[in-house]
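Thanks, everyone; I would like to take a few minutes on one model and its contacts. Please have a look at it first, and then we will go through it together.

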Amino acid sequence: MKEITEPRTIYFGQIVAKYSAILGTIILLGFLFTDNIAVALAGLAYTVLAALVNGIIVLTLLFNLIYYIEYRPRITATILFMLLNIPLSLIYFYIVVTLI
């Protein structure tokens, strides 16, 4: 019988969520320390790109919920971990907008 291994998208989603948050924080700190509008615009471009990439991964994980029944708890946890970046980015956006 074929053994089903854990989908790679679980690990990939966790890595992307973690580094998206870290990179977004670095960009925010760069803006706060320099008060440079170019850094704010780079942060905006990064936010759009990160939302697109994270959205694709979340959709993939949602499809994996259907196929990999035995991994549903880990897939669900990964989706929630990725979705935590949404309020974080909204807080960062609010900080930047109030300072501009």
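A salt bridge here is a side-chain nitrogen of Lys or Arg within 4 Å of a carboxyl oxygen of Asp or Glu, and a search of the whole structure finds 1 of them. That one joins Arg-74 to Glu-6, with the closest N and O atoms 2.7 Å apart, and it links distant parts of the chain, since Arg-74 lies in helix α3 and Glu-6 in the segment before α1, 68 residues apart.

I should say that this is a predicted model, in which local features need pLDDT of at least 70 and side-chain atom pairs count only at pLDDT 80 or more, whereas totals for chains, interfaces and linings use all residues. Residues are numbered from 1 along each chain as its sequence is written, and side-chain values use heavy atoms, with hydrogens and water left out.

With buried meaning under 20% relative accessible area, exposed over 50% and partly exposed in between (1.4 Å probe, protein chains only), Arg-74 is partly exposed at 38%, and Glu-6 is partly exposed at 30%.

How, then, do α1 and α3 pack? Their angle is about 15° and their axes are 9 Å apart, where axes are lines fitted to C-alpha atoms over the stretch in contact and angles run from 0 to 180 degrees between N-to-C directions. The two helices are therefore roughly parallel to each other, a term that covers angles under 35 degrees.

In contact terms (heavy atoms within 4.5 Å), residues of α1 including Ile-10, Gly-13 and Val-16 meet residues of α3, among them Arg-74, Ile-75 and Phe-81.

Definitions and conventions: Helix = DSSP H or I, 4+ residues; strand = E, 2+ residues; numbered from the N terminus. Parallel < 35°, antiparallel > 145°, perpendicular 65-115°, else oblique.
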